[in-house]
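Me: Got a model here that I'd like to poke at. Can we talk through some of its side chains?

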Amino acid sequence: MPPDSMIERPDTRLSDPTPVLVQEVLRKLRDKERAAPARSVARTCPRIVTEFFDAALAHDFDTAHVLRGMLDAGVHADDIADAYVPAVARRLGCDWVDDRLSFARVTVAAGRLQSLLGRLAHPNDSIRSAHPGAPNVLLVSFEGDQHTLGWKLVSVQLRRRGAAAHAVLDIAPDAVADITEQVGFDLVLVSASRPQVLDQVARMVHALRARMIDVPPVVLGGIVVDLLDPDAARPDIAAVTNCLDRALSCRKRKSAPSLSARA
């Protein structure tokens, strides 16, 4: 298997869009009126966010041109991934909920953000070979979950921290167990937007325990973090968090090279 990869499955299928469900999730997040993470607020310029937002919606979007413009404006590549892409994604979601943008336009713009993240990931694709002791992480998005931008963002951040990131999308819990059984993953990160994911995680862990003695820790992240009771006990899950450093602290091996954000 290539070190940093997207694992393709022949039976993978894209689920139908679920605008009603996603709209409800976004409304719940908006109603909480939670402040954005301090790092994002400190690292974003409103003018550049607006320009980036407009570019993502423009008919003549050019990934290389937009990326070059932000870099020339003095925005660090790490901040584009960690602060500006999430800021634009949140704005797209809010405009959709408030009926200022259609589902189709938001979908296209989100795909462009994902494409730009792909460009940022290229310099780090060989990091696994440079650091053979780096954590080996599996990113999972279960079938029926529309959450592709989130895993792309996490994969870029993982590689920058020195980890090898492999992604499987729109996949059944038992199929995740099939893959994990064959590869020595140190951590399984599940990115989700729906509370129903807890049942899927339970099925996946049950299948893993039936096949493996040393099951890798499972960490749950994504929009679902804001929809779950933070105090509830979940024996199948090591942590429920959107903090990548906390997620990595749950991995099996602790002797990997330093996982600094600017690695």
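**Salt bridges and a buried threonine**

Reply: Sure, starting with Arg100: this residue is exposed, with a relative accessible area of 53% (exposed is over 50%, buried under 20%, partly exposed in between, with a 1.4 Å probe and protein chains only). Bear in mind that this is a predicted model, where local features need pLDDT of at least 70, side-chain atom pairs count only at pLDDT 80 or more, and totals for chains, interfaces and linings use all residues. Residues are numbered from 1 along each chain as its sequence is written, and side-chain values use heavy atoms, leaving out hydrogens and water.

Me: Which side chain does Arg100 meet in a salt bridge at 2.6 Å, N to O?

Reply: A salt bridge here is a side-chain nitrogen of Lys or Arg within 4 Å of a carboxyl oxygen of Asp or Glu. Arg100 also belongs to a salt-bridge network with Asp95 and Asp98. The partner at 2.6 Å is Asp95.

Me: Is Asp95 buried or exposed?

Reply: Its relative accessibility is 11%. Because of that value, Asp95 counts as buried.

Me: How far apart in sequence are the parts that Lys252 and Asp214 tie together?

Reply: Their side chains meet in a salt bridge at 3.5 Å, N to O. Lys252 lies in the segment after α11 and Asp214 in the loop between α10 (197–211) and β5 (218–221), so the parts they tie together are apart by 38 residues.

Me: Which residue's backbone nitrogen does the Thr241 side chain reach?

Reply: Thr241 counts as buried, at 11% relative accessibility. The distance from its side chain is 2.9 Å, and the backbone nitrogen belongs to Cys243.

Key. Polar contact = N/O pair within 3.5 Å; in protein donor to acceptor, adjacent residues only side chain to side chain. Helix = DSSP H or I, 4+ residues; strand = E, 2+ residues; numbered from the N terminus.
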